[in-house]
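Please walk through this structure with me, one element at a time. Keep the sequence at hand as you read.

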Amino acid sequence: LEFRRVLFRSAVKKYLVDGGISADGLTLGPVSSYAQEEYLNGNSTGRILSYRASRDITVRTKDVQLVSKLSQGIGSLLQSGVSVNNYGPQYYISSLPDLRPQLLEEAMKDAKVRAESIVKAVGGKVGNVIAVKSGVFQVTTPDSTMTSDVGAYDTTTIEKTVTSTVSVTFHTK
């Protein structure tokens with residue numbers, strides 16, 4: 001069993017490294033195992049037939065197109081007899097902390113334009129800011145209408161739309 005587990009892990013690592021992923025970009029997770037019990041007529045007999053073990057491998061790289069390609073080609077490992085579960089890659093925005101200030105600035109400008117439109121309709125003018133509250137960020141698929149009051153973060157697609165909201169209270173003149 002130990003030899004087989006090492007062989008499978010080596011085959012997956014070889015597939016990824018040969019495919020262009022740096023060995024430094026691979027992280028092996030802990031081994032998880034669970035017993036596979038015997039069942040008769042839908043009831044457990046209490047007898048353990050075997051144990052199943054698994055281990056996650058995390059790939060970290062900025063080359064998301066390569067990750068997509070390797071994820072779609074994982075069938076070649078299955079054809080060679082290596083048992084692999086592919087739950088699909090998860091794509092994150094590594095520069096999101098740098099984007100937040102810019103997005104909040106744009107949201108503030110948009111809030112002022114909207115406030116001016118509303119106040120103009122009744123013959124008033126927008127004055128100074130009284131209060132500002134930053135809302136959550138929504139990271140969604142392009143053209144998505146998904147929102148959440150606690151924020152949303154889609155990891156299934158490479159292309160993403162990031163939005164932020166602010167609530168601004170202005171003096172009016």
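Leu40 has Asn43 in β2 as its bridge partner. The model is a predicted one. That pair of residues belongs to the region where β1 and β2 form a hairpin, with two residues between the strands. Asn41 sits in the turn, and its phi is positive, at about 55°. Strand β1 covers residues 26–40, and strand β2 covers residues 43–59. Their pairing is antiparallel and runs over twelve bridges.

A second set of strands lies further along the chain. Here three strands make an open sheet in the order β4-β3-β5, and the pairing is mixed. β4 (152–153) and β5 (161–172) each have a single partner strand, so they stand at the edges, with one side of each left without a neighbour in the sheet. Strand β3 spans residues 126–140 and pairs with β5 in the antiparallel sense, over ten bridges. Within this sheet, Val139 stands opposite Val162 in β5.

Now add the helix. Helix α4, residues 96–120, lies across β3, β4 and β5. Relative to β5, α4 runs at about 45°.

Which residues does Ser164 touch, leaving out those up to four places away in sequence? They are Leu103, Leu104, Ala107, Val136 and Phe137. Ser164 itself lies in strand β5. Is Ser164 buried or exposed? Ser164 counts as buried, because its relative accessibility is 14% and the cut-off for buried is under 20%. The side chain of Ser164 also reaches the backbone oxygen of Leu103, at 3.2 Å.

Asp98 gives another view of helix α4, where it has its place. Asp98 is exposed, with a relative accessible area of 63%; the cut-off for exposed is over 50%. Compare its position with that of Glu37. The two residues are 61 residues apart along the chain, and their C-alpha atoms are separated by 50 Å.

Finally, turn to the nonpolar residues. The largest nonpolar core has 13 residues. Those that touch the most other members are Val12, Tyr15, Leu16, Ile21, Leu70, Leu77 and Val84. Two elements give two or more residues to this core: α1 (2–18) and α2 (64–72). What does Leu77 contact, leaving aside its neighbours within four places in sequence? Leu77 is in contact with Ala11, Val12, Tyr15, Val82 and Val84.

Key
Residues numbered from 1 in each chain as written. Predicted model: local features only at pLDDT ≥ 70, side-chain atom pairs only at ≥ 80, totals over all residues. Heavy atoms only, no water. Pairing = 2+ DSSP bridges. Helix = DSSP H or I, 4+ residues; strand = E, 2+ residues; numbered from the N terminus. Contact = heavy atoms within 4.5 Å. Axes fitted to C-alpha atoms, helices over the stretch in contact; angles between N-to-C directions. Buried < 20%, exposed > 50% of the residue type's maximum accessible area, 1.4 Å probe, protein only. Polar contact = N/O pair within 3.5 Å; in protein donor to acceptor, adjacent residues only side chain to side chain. Core = buried A, V, L, I, M, F, W, Y, C linked by side-chain atoms within 4.5 Å.
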